[in-house]
Amino acid sequence: MGSWGTGISSNDIFEDIKVEFFELYNEGHEPNEIVQKLIDSNQGIVNDYEEANNFWFALALCQWECKSLEPKILERVTQIIESGNDIKLWEELGAEKSELTKRKKVLAKFLEKLITEKKDPKRRKKKKLRDSIFKKGDCLSVQLSNGLFGAVFVLESEKQTEYGLNLIALCDYISDKTPTVDFFKKANVLISKVQDEPNTYKDYPLISWYMAPHYKANEVNLKIMGSIEIKKSYNNERDYRRYVHWKYIPSQIEDQAELVAKHGDIKMKLKLSSLRKKHGYNST
């Protein structure tokens, strides 16, 4: 858990969600719509035992700032705090007694704030436009937690849009050497397993959109190895409508073997070259 203090906002997840919330708010979206969008696009965090509390705390405070805190969000945060769930988590993560004492006071004060109605809603600001982090066609290496390297390819990039999106395909590659451009010319997309129905998993290509505001170089070690021309164009409203945080790129690659062991062999095969052609693989 990326925390640097006992304060409600003293962690990476809180700051990231807050930034994204107010970007949408400043664009004109209503707070309840923003919450649903953030829940849908941050399932990795929502389902992460160590990070989920900070996610809900951020949503609650952001809605409170807009004078539109939903009862269901307040109820969830109240349950987390009053049940002792958050303190238990801090204990499990090795927090000292003095830190636990401070955290309890912080949580009590936070809950007291949430149940006190704010006088005026936060004003909207003019949205900021961004370029994507990487260029279309960039071939990237990514360092994994074990020191090995994975490979990812940039299928699309945006200029001067709200989120500066990159569409990125993870490749079937783990090695002690960084991938070459020649590898990317013949590469296969990494296929994972996602739950389709209860107890049923299907093959799913790891191709997702990544937002420029979420990119932090110290969270994911990506380096450009070269570039390959792409003739096909992609649109985030039509193609691969899945959004993932940059920092989960390494773990998606590392977890592949375990997923296959649990849920069966991969039957789907997708050549990266087919995604570069103008009339290639049809995305979903």
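The exercises below, each with a worked solution, concern a predicted model.

**Exercise 1. Decide how helix 1 and helix 2 are oriented to each other, and which residues form their contact.**

Step 1. Two packed helices are described by the angle between their axes and the distance between the axes. For helix 1, which covers residues 12–27, and helix 2, which covers residues 31–41, the axes come within 10 Å and cross at roughly 135°.

Step 2. Angles over 145 degrees count as roughly antiparallel and those from 65 to 115 as roughly perpendicular, while angles outside the named ranges count as oblique. Helix 1 and helix 2 are therefore oblique to each other, and their crossing is right-handed.

Step 3. On the side of helix 1 the contact is made by Ile 17, Glu 20, Phe 21, Leu 24 and Tyr 25, and these meet Pro 31, Ile 34, Val 35, Lys 37, Leu 38 and Ser 41 of helix 2. Sorted by class, this contact of helix 1 with helix 2 contains 8 nonpolar, 1 polar and 2 charged residues.

**Exercise 2. Describe the surroundings of Glu 20, beginning with whether Glu 20 is buried or exposed.**

Step 1. Glu 20 lies in helix 1. A residue counts as buried under 20% relative accessible area, so Glu 20, at 0% relative accessibility, is buried.

Step 2. When residues up to four places away in sequence are not counted, Glu 20 touches Leu 38, Ser 41, Asn 42, Met 211 and His 214.

Step 3. With one of these residues, His 214, the side chain of Glu 20 forms a polar contact of 2.8 Å.

**Exercise 3. Find the buried residues of helix 2, then work out how helix 2 lies against helix 4.**

Step 1. In helix 2 the buried residues are Pro 31, Ile 34, Val 35, Leu 38, Ile 39 and Ser 41. These buried residues pack against helix 1, helix 3 (43–46), helix 4 (52–65) and helix 5 (71–82).

Step 2. For the pair of helix 2 and helix 4, the axes are 10 Å apart and the packing angle is about 165°. That angle makes helix 2 roughly antiparallel to helix 4, and the crossing of this pair is right-handed.

Step 3. The residues that meet are Pro 31, Asn 32, Val 35, Leu 38 and Ile 39 from helix 2, and Phe 55, Trp 56, Leu 59 and Gln 63 from helix 4. By class, the contact of helix 2 with helix 4 has 7 nonpolar, 2 polar and no charged residues.

**Exercise 4. Carry out the analysis for helix 4 and helix 5, including the handedness of their crossing.**

Step 1. The axes of helix 4 and helix 5 are 9 Å apart, and the helices pack at an angle of about 135°. Helix 4 and helix 5 are therefore oblique to each other, and their crossing is left-handed.

Step 2. Helix 4 contributes Asn 53, Trp 56, Phe 57, Leu 59, Ala 60 and Gln 63 to the contact, while helix 5 contributes Ile 73, Arg 76, Val 77, Ile 80 and Ile 81. The contact of helix 4 with helix 5 divides into 8 nonpolar, 2 polar and 1 charged residues.

**Exercise 5. Describe two strand residues, Ser 208 and Leu 155, by their exposure and their contacts.**

Step 1. Ser 208 belongs to strand 6, which covers residues 207–210, and with a relative accessible area of 1% this residue is buried.

Step 2. Leaving aside neighbours within four places in sequence, Ser 208 is in contact with Asn 166, Leu 167, Ile 168, Arg 242 and Val 244. The side chains of Ser 208 and Arg 242 are joined by a polar contact of 2.6 Å.

Step 3. Leu 155 belongs to strand 2 and is buried at 0% relative accessibility. Among the residues that Leu 155 touches are Lys 136, Leu 167, Ala 169 and Ile 207. Leu 155 and Lys 136 are 19 residues apart in sequence, and their C-alpha atoms are 5.6 Å apart in space.

**Exercise 6. Examine the phi values of Gln 160 and Tyr 240, and state where each residue lies.**

Step 1. Most residues other than glycine have a negative phi. Gln 160, although not a glycine, has a positive phi of about 50°, and the phi of Tyr 240 is likewise positive, near 45°.

Step 2. Gln 160 sits in the loop between strand 2 (149–157) and strand 3 (166–170), and its relative accessible area of 47% makes it partly exposed.

Step 3. Tyr 240 sits in the loop between strand 7 (222–227) and helix 9 (249–254), and with a relative accessible area of 1% Tyr 240 is buried.

Definitions and conventions
Residues are numbered from 1 along each chain as its sequence is written. This is a predicted model: local features need pLDDT of at least 70, side-chain atom pairs count only at pLDDT 80 or more; totals for chains, interfaces and linings use all residues. Side-chain values use heavy atoms; hydrogens and water are left out. Axes are lines fitted to C-alpha atoms, for helices over the stretch in contact, and angles run from 0 to 180 degrees between N-to-C directions. Helices (H or I, at least four residues) and strands (E, at least two) are DSSP runs, numbered from the N terminus. Angles under 35 degrees count as roughly parallel, over 145 as roughly antiparallel, 65 to 115 as roughly perpendicular and the rest as oblique. A crossing is left-handed if the near helix is turned anticlockwise from the far one by less than a right angle, and right-handed if clockwise. Contact means heavy atoms within 4.5 Å. Ala, Val, Leu, Ile, Met, Phe, Trp, Tyr, Cys and Pro count as nonpolar, Asp, Glu, Lys and Arg as charged, and the others, Gly among them, as polar. Buried means under 20% relative accessible area, exposed over 50%, partly exposed in between (1.4 Å probe, protein chains only). A polar contact is a pair of N or O atoms within 3.5 Å; within protein, one must be able to donate a hydrogen and the other to accept it, and residues adjacent in sequence count only if both atoms are side-chain atoms.
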